[in-house]
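Thanks for sharing this one. Below are some friendly notes to read alongside the coordinates, in numbered points.

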Amino acid sequence: MTAGVLAIDAGQTGIKVRLGGHDILFPGIRTAEPLLPQLAAVAHGAVEKTGIPASIIAAGVSGLTTREADAAALLSRIDDAAVHEVLLAHDSTTSFLGALADGRGAVVAAGGGVVTLAVGRDSVARVDGWGYLMGDAGSGYWIGREALEAVMREYDGRGPATRLTDVARERWPDLAQAYISLQSAEDRVSIIASFAEPVARLASDGDAVSQRITVRAGGELAHSVETALRRVRTDDAERFSVCAIGGVFRSAQLREAFRSHLAASELDVALVEPLGHGIDGAVALAGLAPAHPLAAAVSVARA
């Protein structure tokens, strides 16, 4: 059921919208501002750009909180007589639907942050996604933070040499002042996460410190998947599909570490490629059966 569906895949780096066969990209969520007015503005903007009326709004939103997950409030803000239904969910839900459709298994989405969602026969389990201060183990931020700590350990004489130090010096020639510069930077989270790319590159080039960070990251991501699947498993012989998406998995060594950790588990899992993307999952929200385990995680409002 896609006719009349305005699907929204909202993240901090960009908001993807699909309506009537048109894909449109809007600027990302401004986290310092209220969310629902931004989503309403995107919905109006998509209708204006395409000239196509929408009867259903289905949105998956990065970092959606319980307080913000209010489909009725969003329906009221959109205030369009043509719209008769609004569905609002965390983007872990739409990532799962995009990657595995109505299958059983787990999807781990790892970029700057990370969240894992598992769906079993009759239950759902979310693991991590708790942000860079309290979680996101194995994410780009986590990898970058580990890299910078390794650099400063070498600088102090507390740790082994690493080529990551040269990368850090390109940004901060005086490493003794790096922490001051970083702490005062408004974009410090993205700066730290940006070090994930050189970790991946240097790991493939043989830097031992980068390789250890990469293997640990793959292990953390696999551990989150295993934990989530154990929470939804109802039968020891149950077989699950696992899908790993996001920029962190572009690292061949990290992906191999992730795969090997899963292979060593007692769980029966198959690592599969995603069927689609988050925007496809947002479209799928409109057709999600009420009996599906994920339906309970979706806020729904009807006019």
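1. Let me start with a strand pairing. Strand β9 (residues 239-245) and β6 run parallel to each other and pair over five bridges. In this pairing, Ser241 of β9 is the residue that stands opposite Gly105. Please keep in mind throughout that this is a predicted model.

2. Which strand pairs with β6 in the antiparallel sense? That partner is β7, and the pairing extends over six bridges. Gly105 comes up here too, standing opposite Val119 in β7. The connection from β6 to β7 is a hairpin of three residues.

3. How much of β6 is covered? Six of its six residues are buried, so the strand is described as mostly covered, given that buried means under 20% relative accessible area. Looking at the two faces, Gly105, Val107 and Ala109 point one way, while Ala106, Val108 and Ala110 point the other way. Residues on both faces are buried.

4. Now to the internal space. There is one cavity of 30 Å³ or more in the structure, and the largest cavity has a volume of about 30 Å³. Its lining is made up of Ser92, Ser95, Val107, Val108, Ala109, Val115, Thr116 and Leu117. At least two lining residues come from each of α3 (91-100), β6 (105-110) and β7 (114-119). By class, five of the lining residues are nonpolar, three are polar and none is charged.

5. Thr116 deserves a closer look, as one of the residues that line the largest cavity. It is found in strand β7. Is Thr116 buried or exposed? Thr116 counts as buried because its relative accessibility is 1%, and the cut-off for buried is under 20%. Leaving aside residues up to four places away in sequence, Thr116 touches Val107, Val108, Ala125, Arg126, Val127, Ser224, Val225 and Ala228. Two of these contacts, Val107 and Val108, also appear in the lining of the largest cavity.

6. Moving to the pockets, the second largest pocket holds about 350 Å³ of space. Of the 17 residues that line this pocket, Arg145, Leu148, Tyr179, Leu182 and Ile192 lie nearest its centre. Helices α5, α7 (178-184) and α8 (188-193) each supply at least two residues of the lining. Which element gives the most to this lining? It is α5, with six residues. The lining of the second largest pocket divides into 13 nonpolar, one polar and three charged residues.

7. Helix α6 (residues 164-171) has a set of buried residues, namely Leu164, Thr165, Val167 and Ala168. Why do they sit on the same side of α6? They do so because they cover an arc of only 160° around the axis. These buried residues pack against α5 (140-156), α9 (196-204) and α10 (208-232).

8. I would also draw your eye to Tyr132, in helix α4 (residues 131-134). Tyr132 counts as partly exposed because its relative accessibility is 36%, and partly exposed runs between the 20% and 50% cut-offs. Tyr132 and Val189 are 57 residues apart along the chain, yet their C-alpha atoms are separated by 8.0 Å. With residues up to four places away in sequence left out, Tyr132 touches Tyr141 and Val189.

9. His261, in helix α11 (residues 252-263), is partly exposed, with a relative accessible area of 36%. C-alpha to C-alpha, His261 and Gly218 are 7.8 Å apart in space, while in sequence they are 43 residues apart. Not counting residues up to four places away in sequence, the residues that His261 touches are Val215, Gly219, Ala222 and Glu226.

10. Finally, there is a hairpin formed by β2 and β3, with two residues between the strands. Gly20 in the turn has a positive phi of about 55°. Strand β2 (residues 15-19) and strand β3 (residues 22-26) run antiparallel and are joined by five bridges. Within this pair, Val17 stands opposite Ile24 in β3.

Terms used. Residues are numbered from 1 along each chain as its sequence is written. This is a predicted model: local features need pLDDT of at least 70, side-chain atom pairs count only at pLDDT 80 or more; totals for chains, interfaces and linings use all residues. Side-chain values use heavy atoms; hydrogens and water are left out. On a 1 Å grid over the protein atoms alone, a cavity is a set of points where a 1.4 Å probe fits but cannot get out, and a pocket is an open set with protein on both sides within 12 Å along at least five of seven lines; lining residues have an atom within 4 Å of a point. Grid points are joined across faces, edges and corners, and a volume is the space filled by probe spheres set on the points. Helices (H or I, at least four residues) and strands (E, at least two) are DSSP runs, numbered from the N terminus. Ala, Val, Leu, Ile, Met, Phe, Trp, Tyr, Cys and Pro count as nonpolar, Asp, Glu, Lys and Arg as charged, and the others, Gly among them, as polar. Buried means under 20% relative accessible area, exposed over 50%, partly exposed in between (1.4 Å probe, protein chains only). The arc is that of the directions from the helix axis to the C-beta atoms. Contact means heavy atoms within 4.5 Å. Two strands pair if DSSP finds at least two bridges between them.
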